[in-house]
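The following report describes one protein chain from its backbone geometry, burial and strand pairing. Please consult the sequence and the coordinates alongside the text.

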Amino acid sequence: MRILMLGDVVGEGGRRLVEAFVPELRREARVDFVVVNGENAAHGHGITERIAREWLDDLGVDVITTGNHAFDVKDIASCFQREPRLIRPANHPPGTPGGGFVKLHTPLGQEVLVINLMGRVHMPPCDDPFRCVDALLARERADVVLVDLHAEATSEAQALGHHLDGRVAAVLGTHTHVPTLDAKVLPGGTAYVTDIGMVGPYDGVIGMKKEASLSRFLKVKGDKYEVAEGDLQLHAVLVETEGRRAVSIERIVRRL
Ligand SMILES: [Fe+2]
Ligand SMILES: [Fe+2]
């Protein structure tokens, strides 16, 4: 099975990259399953129902994951309740709207379980991702299990990769918006990358205009963030699985 996962899509530029390349990659790279992290799709903060519908209904996206920005858009919680393919971190506190994982059947009859997890180091409060995923895997079974690990600390991401090695097909990092060069298949057969990198404007600071971002380091009260525009790049990984294990992970980069 061939699985394509895109990192955090940031703003209008990121959405243009998804439109331009996801349907084409799905065909050309013979992709069976597509996961996209959408937590920054709406002006850099959160996701709207309209964006989620377009990706799921028209562009061939199978699952949308999120992270700390899951609920930034007003009234989006009801969309998480209605659409099981839009998920938020499973280790959000009990009672949080929506689901932290989803199980789907592919046209070839395989069952795919996608789990969204969030790290705890330098992140807003959430429950322990290690114990949360252990409990989930004790309950849920599927032919292929994928984890979107939304984490700030590279150490926590790598530790979770090793924790899950051999138990899931892939642990794929999101959140920092900066691609890391460590994509590999771990010894137990789990494809791993610390961060896929964002889908959006790379001429800025993690997707925001550099002037506004710099002002926040240089002044007592910085300027309001604005989404950057230049150097649009799509960063994704293509994972190939055989049975429950990954056999390869390859980086994909496209530019507009
Ligand atoms: Fe993000
Ligand atoms: Fe994030």
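The buried residues of helix α1 pack against strands β1 (2-6), β2 (33-37), β10 (200-201), β11 (232-242) and β12 (245-255), and against helix α2 (49-58). Contact here requires C-beta atoms, placed from the backbone, within 7 Å; helices (H or I, at least four residues) and strands (E, at least two) are DSSP runs, numbered from the N terminus. This is a predicted model, in which local features need pLDDT of at least 70 and side-chain atom pairs count only at pLDDT 80 or more, while totals for chains, interfaces and linings use all residues. Residues are numbered from 1 along each chain as its sequence is written, and chains are lettered from A and ligands numbered from 1 in the order in which they are written.

**Helix α1**

The buried residues of α1 are Gly11, Gly13, Gly14, Arg15, Leu17, Val18, Phe21, Val22 and Leu25. A residue counts as buried with 20 or more other C-beta atoms within 10 Å of its own, as exposed with 12 or fewer, and as partly exposed in between. At 1.5 Å a residue, the 18 residues of α1 (residues 11-28) should span 26 Å, and the end C-alpha atoms are 25 Å apart, which agrees; the expected span is 1.5 Å times one less than the number of residues. The helix bends by about 35° at Phe21, and Pro23 follows within four residues. The bend is the angle between axes fitted to the seven residues ending at a residue and the seven starting there. Glu28 lies in α1 and is exposed, because 9 C-beta neighbours are found inside 10 Å. The C-alpha atoms of Glu28 and Thr48, 20 residues apart along the chain, are separated by 29 Å.

**Positive phi angles**

Three residues with positive phi are listed below.

| Residue | Phi | Location |
|---|---|---|
| Arg30 | about 50° | just after α1 |
| His43 | near 50° | loop between β2 and α2 |
| Asp75 | near 65° | loop between β3 (63-65) and α3 (77-82) |

His43 is partly exposed, because 15 other C-beta atoms lie within 10 Å. Asp75 has 9 C-beta neighbours inside 10 Å and therefore counts as exposed.

**Overall fold and core**

The protein comprises six helices and twelve strands. The C-alpha trace spans about 50 × 40 × 35 Å along its principal axes. For 256 residues, a compact globule would have a radius of gyration near 18 Å, and the protein has 17 Å, which agrees; the radius is taken over C-alpha atoms, and the globule rule is 2.2 Å times the number of residues to the power 0.38. Of the 256 residues, 46% count as buried. Among contacts between residues at least 6 apart in sequence, 64% join residues at least 24 apart.

The largest nonpolar core (buried Ala, Val, Leu, Ile, Met, Phe, Trp, Tyr and Cys residues joined through C-beta atoms within 7 Å) has 70 residues, and those with the most contacts inside it are Val114, Leu146, Val147, Ala170 and Leu172. Strand β5 (residues 111-118) gives the largest share of this core, six residues. Not counting residues up to four places away in sequence, Val114 touches Val35, Val63, Thr65, Ile87, Phe101, Val102 and Leu146.

**The six-stranded sheet**

An open sheet with mixed pairing has the order β4-β5-β6-β7-β9-β8; strands pair if DSSP finds at least two bridges between them. β4 (101-105) and β8 (184-185) stand at the edges with a single partner strand each, so one side of each is left without a neighbour in the sheet. β5 and β6 (residues 144-150) run parallel and are joined by seven bridges. Met118 has His150 in β6 as its bridge partner.

Conventions: Two residues are in contact if their C-beta atoms, placed from the backbone, lie within 7 Å.
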